[in-house]
Amino acid sequence: MKIVISGSIAHIDSIKNCENELQNTGHEVYIPDENGGKLLAKAEYRSAKYFDIKNQMINQHIEQIRESDALLVVNEPKNGVDGYIGANTLMEMCAAMIFQIPIFVLHAPDASQNSYDEIMGMKPRILNGNLNLIKEIA
């Protein structure tokens, strides 16, 4: 199965761990482009160049989602919120829903998140940290 991973770039280590685990079970996996984050860090915040890079990163990841069999959201704790799902990841979940691609979420999102109702309204499959459930559910 071709799986795209989404999540905060702050959790790149966890994203890479999930990537390795899924690849070891025979899945084709795509993760967010770390180089884009490095380019963003070099661009002046909220400059035209910054937004050009951001647009390119969003479009690239959405296209990967369009061509995938599933989306995995790696949502580790961030900013004091368990199961954190930020704005970019929420957009990527919306894309998967529009493309009718199954959405898997590694950890249950915290109900305190502003977008909790929208997240759960997309009917993601909560894995409770168990990536093996992907092949059982898919």
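**Exercise 1. Locate Gln100 and characterise its backbone and exposure.**

Solution. Step 1: Gln100 sits in the loop between helix 4 and strand 4, where helices (H or I, at least four residues) and strands (E, at least two) are DSSP runs numbered from the N terminus. The model is a predicted one, in which local features need pLDDT of at least 70 and side-chain atom pairs count only at pLDDT 80 or more, while totals for chains, interfaces and linings use all residues. Residues are numbered from 1 along each chain as its sequence is written, and side-chain values use heavy atoms, with hydrogens and water left out.

Step 2: Phi of Gln100 is near 60 degrees, a positive value in a residue other than glycine. Most residues other than glycine have a negative phi.

Step 3: The relative accessible area of Gln100 is 72%, so the residue is exposed. The classes are buried (under 20% relative accessible area), exposed (over 50%) and partly exposed (in between), computed with a 1.4 Å probe on protein chains only.

**Exercise 2. Carry out the corresponding analysis for Asn79.**

Solution. Step 1: Asn79 belongs to the loop between strand 3 and helix 4.

Step 2: Its phi is positive, near 55 degrees, and Asn79 is a residue other than glycine.

Step 3: Asn79 is exposed, because its relative accessible area is 61%.

**Exercise 3. Test the length of helix 4 against expectation, then describe its buried residues and what covers them.**

Solution. Step 1: The expected span of a helix is 1.5 Å times one less than its number of residues. Helix 4 (residues 87-98) has 12 residues, so a span of 16 Å is expected; the end C-alpha atoms are 17 Å apart, which agrees.

Step 2: The buried residues of this helix are Thr89, Leu90, Glu92, Met93, Ala95 and Ala96. As background, an α-helix has 3.6 residues a turn, so residues three or four places apart point the same way.

Step 3: The cover over the buried residues of helix 4 includes strand 1 (2-6), helix 3, strand 3 (70-73), strand 4 (103-105) and helix 5 (116-121).

Step 4: Cys94 is partly exposed, because its relative accessible area is 34%.

**Exercise 4. Describe the largest pocket by volume, lining and composition.**

Solution. Step 1: The volume is about 550 Å³. On a 1 Å grid over the protein atoms alone, a pocket is an open set of points where a 1.4 Å probe fits, with protein on both sides within 12 Å along at least five of seven lines; lining residues have an atom within 4 Å of a point. Grid points are joined across faces, edges and corners, and the volume is the space filled by probe spheres set on the points.

Step 2: The largest pocket is lined by 23 residues, of which Gly7, Ile9, Lys54, Met57 and Asn88 lie nearest its centre.

Step 3: Helix 2 (34-42), helix 3 and helix 4 each supply at least two lining residues. Helix 3 gives the most, with 6 residues.

Step 4: The lining divides into 9 nonpolar, 10 polar and 4 charged residues. Here Ala, Val, Leu, Ile, Met, Phe, Trp, Tyr, Cys and Pro count as nonpolar, Asp, Glu, Lys and Arg as charged, and the others, Gly among them, as polar.

**Exercise 5. Determine the surroundings of Ile9 and Gly36.**

Solution. Step 1: Ile9 lies in the loop between strand 1 and helix 1 and is partly exposed at 43% relative accessibility.

Step 2: Not counting residues up to four places away in sequence, Ile9 touches Pro32 and Glu34; contact means heavy atoms within 4.5 Å. Ile9 and Pro77 are 68 residues apart in sequence, and their C-alpha atoms are 12 Å apart in space.

Step 3: Gly36 is part of helix 2 and is buried, with a relative accessible area of 4%.

Step 4: Leaving aside neighbours within four places in sequence, Gly36 is in contact with Ile53 and Met57. Gly36 and Gln56 are 20 residues apart in sequence and 8.5 Å apart from C-alpha to C-alpha.

**Exercise 6. State how many disulfides the structure contains, and classify Cys18.**

Solution. Step 1: A search of the whole structure finds 0 disulfides, a disulfide being a pair of cysteine sulfur atoms within 2.5 Å.

Step 2: Cys18 counts as buried, because its relative accessibility is 7%.
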